[in-house]
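Q: Could you take me through the sheet in this protein, slowly, and then show me what sits around it? I'm just starting out, so plain words please.

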Amino acid sequence: MPVRVILDTDTGVDDALAILLAMRSPEIRVEAITGVCGNTPLENCIRNIHLTLSVLDARVTPVVAPGEDRPLVRELAYAGEIHGDDGLGGVTSQVDADGRRTYPDPVQRPSTVHAADLIPDLAGRYPGELVLVAVGPLTNVARAVMKDPDRMRGLREIIIMGGAFETGGNVSPVAEFNIHADPHAAQIVCDSGIPLVFVPLDVTRQAFLDAGTIDHFAAEAGARAVFVRDCTARYVAFHRQNRGVNGCFLHDPLAVAVAAREDLVTTVPARVDVETAGDLTTGMTVSDLRSDRWGEPNARVCTAVDVQAFTTLFEERVLA
């Protein structure tokens with residue numbers, strides 16, 4: 001039976017790829033997709049969810065619900081230089097030879113239920129079954145925990161794309177974007193008592209999609225691969241200029257893959273906390289993966305990934 005999943009996302013480029021992978025994975029049943037500010041403003045995030053779903057042309061699509069439009073404490077900090085002003089690498093302004101938008105605004109409208117209400121409602125409806133895959137800042141998740149901690153503890157687990165443990169960060173020497181964007185929310189989640197799985201930069205930086213592979217599938221396959229090529233063009237250019245690689249990292253799709261196929265990764269138990277007050281270390285995920293002497297484990301942290309198996313899975317399900 002497929003795993004029931006809520007995908008909580010700040011829909012930038014790799015978030016869109018994560019949506020495609022989730023919807024194309026038979027091991028997963030996506031019950032809802034909830035939006036949160038992060039890579040792009042909430043309004044863009046919700047539009048991008050619907051736009052990505054429209055590429056699939058699916059007969060049945062999950063509930064889409066808006067969530068928080070700002071962090072709990074910190075100031076807003078978007079990632080437009082990486083994901084474009086629209087969050088999808090500029091595809092919302094892309095036009096064809098006749099001047100018509102290639103990806104017009106979708107006609108679908110989001111639910112009127114707030115994400116922080118929908119998440120615990122579904123957790124209560126499916127106790128012990130529902131997996132929350134959080135691939136953006138944890139603001140919605142923290143709000144839900146604060147509103148209804150008992151029903152939230154009915155979640156089977158929360159899979160978090162976030163953190164940097166034995167590698168450097170991507171917004172500071174020690175912090176990863178999703179955690180850094182709302183560290184106070186992340187700490188609330190760490191203290192929630194819900195089983196957590198961290199999918200950090202340590203493994204997502206190994207999950208790499210080559211630009212040549214994208215172009216090959218876009219030339220040979222259909223609408224999904226063309227959409228991936230179009231929305232990743234700016235993202236790939238950023239990686240080429242700033243990371244020295246000709247392609248892009250599949251941060252968020254790897255978190256979705258863990259929900260579908262946990263055998264793709266190796267995990268270790270750990271106590272994870274988040275620095276919320278440091279001048280230089282805000283958003284740092286603090287842990288010792290070598291031992292449990294710093295506290296009772298509250299999470300499992302992914303430390304290795306079967307790169308070939310994951311990239312093959314992604315190509316077959318999203319690009320082919």
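**A close look at the sheet**

A: Let's start with one pair of strands: β5 (residues 157-161) runs parallel to β6 (residues 196-199), and the two are joined over 4 bridges. If you want a spot to look at, find I158, which has L196 of β6 opposite it. Keep in mind that this is a predicted model.

Now zoom out. That pair belongs to an open sheet of 8 strands with mixed pairing, in the order β3-β2-β1-β4-β5-β6-β12-β9. The edges are β3 (63-66) and β9 (265-270), each of which pairs on one side only. Going from one strand to the next, the twist averages 25°.

What packs on this sheet? Helix α4 (residues 115-125) does, touching β1 (3-9), β2 (28-35), β3 and β4 (131-134). The direction of α4 makes about 155° with that of β2. Helix α12 packs on the sheet too, and its contacts are with β1, β2, β4, β5, β6, β9 and β12 (299-305). Measure α12 against β5 and you again get an angle of about 155° between their directions.

Strand β1 deserves a stop of its own. It pairs with β2 in the parallel sense, over 7 bridges, and L7 has I33 as its bridge partner in β2. Is β1 buried or exposed? Of its 7 residues, 7 are buried, so the strand is largely enclosed by the rest of the structure. Here's a handy bit of background: in a regular strand, side chains alternate between the two faces of the sheet. You can follow that in β1, where V3, V5, L7 and T9 are on one side and R4, I6 and D8 on the other. Both faces are covered, with those residues all buried.

Next, the empty spaces. Rolling a probe the size of a water molecule over the atoms shows where empty space is left. The largest pocket has a volume of about 300 Å³. It is lined by 24 residues, and the closest to its centre are I82, H83, N170, F177 and H251. Several helices help to build that lining: α1 (13-23), α3 (80-83), α7 (177-181), α11 and α12 (251-260) each supply at least two residues. So α12 turns up twice in this tour, packing on the sheet and supplying part of the pocket lining. By type, the lining divides into 10 nonpolar, 6 polar and 8 charged residues.

Let's pick out N170 from that group. You'll find it in the loop between β5 and α7. N170 counts as partly exposed, because its relative accessibility is 28%. Leaving aside residues up to four places away in sequence, N170 touches A175, E176, F177, L201, R205 and R243. F177, remember, is also among the residues closest to the pocket centre.

There is also 1 cavity of 30 Å³ or more in the structure, with a volume of about 70 Å³. Its lining includes C37, G38, P71 and E75, along with others such as Y78 and D182. This lining divides into 7 nonpolar, 2 polar and 2 charged residues.

One last stop is H239, in helix α11 (residues 223-242). With 3% relative accessibility, H239 counts as buried. Beyond four places away in sequence, H239 touches G244, V245, G247, C248 and F249.

Note on methods: Residues numbered from 1 in each chain as written. Predicted model: local features only at pLDDT ≥ 70, side-chain atom pairs only at ≥ 80, totals over all residues. Heavy atoms only, no water. Buried < 20%, exposed > 50% of the residue type's maximum accessible area, 1.4 Å probe, protein only. Contact = heavy atoms within 4.5 Å. 1 Å grid on protein atoms, 1.4 Å probe; cavity = no way out; pocket = protein on both sides within 12 Å on 5 of 7 lines; lining within 4 Å. Points joined across faces, edges and corners; volume = space filled by probe spheres on them. Nonpolar A, V, L, I, M, F, W, Y, C, P; charged D, E, K, R; others polar. Pairing = 2+ DSSP bridges. Axes fitted to C-alpha atoms, helices over the stretch in contact; angles between N-to-C directions.
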